[in-house]
Amino acid sequence: MGKDNVLLKYYECMYKALGPSYWWPGETPFEICVGAILTQNTNWKNVERAIWNLKEKDLLDPQKLFFLQDEKLAELIRPAGYFRIKTKRLKNFLKFLYKEVNFDLEKLKNMDLDELRQKLLSIKGIGYETADSMILYAFEKPSFVVDAYTARIFQRHGLIGERVSYEELRAFFMENLPKDVELYKEYHALIVRVGKSWCGKKRQRCEDCPLKPYI
DNA sequence: GACCAGGCACATC
DNA sequence: GATGTGCATGGT
């Protein structure tokens, strides 16, 4: 990929069409982490309901959630779907926070990116996308987030093959973009927004997408 | 009613 | 390594 970087052109194009995204929607690093788990294969609207339930009871706090009964937590996050398994995943994350940094998220921010990524990936229920979302949006380190939209859009545009793995796709972006937190944040956000409105849906091809000139 | 949504772990080949 | 399946709610 040359230095008039195609990926940067995509970025400009999406940004011009849609404007800034102000992502991640969430007031604290912890809220962002919770949202990252709850939004796994789930519409964000449903996640908002779940998070609102937690906020309403003043429970959106690592220690409070850690001590909250599983059944209670499950009931509160029910609107986000997969509520039983997500309860376990949240609890796994909370146990990690307790054991690793005694609930002090600031300490995670001080870790090296690759070390933090490895630790997050070792938690059951946190896979690549969830880990990278936390690292980028909650802990503000330059780890590019790949998701279903990313793969679909760039496959449809012919920039990548049909069967690229998550790690390959992430490396493709990270090797061809400056390692910049704000750029990565906005880039992923724009991809999701383009995906929702234009050419990223499952059974759809590009029609009036702002990226059409690049196909 | 079918299909989809900002995935992941686990079983199986 | 790749592929298939269960997990669940709410919107279109």
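In what follows, Ala, Val, Leu, Ile, Met, Phe, Trp, Tyr, Cys and Pro count as nonpolar, Asp, Glu, Lys and Arg as charged, and the others, Gly among them, as polar. The structure is a predicted model.

**Exercise 1.** Describe the surface near DNA strand C by its residue classes and by the helices that supply it.

*Solution.* Begin with the classes: the surface near DNA strand C has four nonpolar, six polar and four charged residues. Next, identify the residues that come nearest, which among the 14 around the strand are P79, G81, Y82, R84 and I85. Finally, assign the helices: α3 (44–56) and α6 (83–101) each supply at least two residues, and the largest share, three residues, comes from α6.

**Exercise 2.** Characterise how helix α8 packs with helix α9.

*Solution.* Start from the axes of α8 (residues 113–121) and α9 (residues 128–138), which come within 9 Å and cross at roughly 140°. Because of this crossing, α8 is oblique to α9. The crossing of α8 past α9 is right-handed. At the contact, L113, L116, R117, L120 and L121 of α8 meet A131, M134 and I135 of α9, and these residues divide into seven nonpolar, no polar and one charged.

**Exercise 3.** Locate the two domains of chain A and analyse their contact.

*Solution.* The domain assignment gives domain 1 as 6–22 + 144–214 and domain 2 as 29–138, with C-alpha centres that lie 25 Å apart. Domain 1 brings eight residues to the contact and domain 2 brings six. On the side of domain 1 that touches domain 2, helix α12 (residues 181–197) gives the most, with three residues, and the residues of that side divide into six nonpolar, no polar and two charged.

Conventions:
Residues are numbered from 1 along each chain as its sequence is written. Chains are lettered from A and ligands numbered from 1 in the order in which they are written. This is a predicted model: local features need pLDDT of at least 70, side-chain atom pairs count only at pLDDT 80 or more; totals for chains, interfaces and linings use all residues. Helices (H or I, at least four residues) and strands (E, at least two) are DSSP runs, numbered from the N terminus. Axes are lines fitted to C-alpha atoms, for helices over the stretch in contact, and angles run from 0 to 180 degrees between N-to-C directions. Angles under 35 degrees count as roughly parallel, over 145 as roughly antiparallel, 65 to 115 as roughly perpendicular and the rest as oblique. A crossing is left-handed if the near helix is turned anticlockwise from the far one by less than a right angle, and right-handed if clockwise. Two residues are in contact if their C-beta atoms, placed from the backbone, lie within 7 Å. Domain bounds come from an automatic or database domain assignment.
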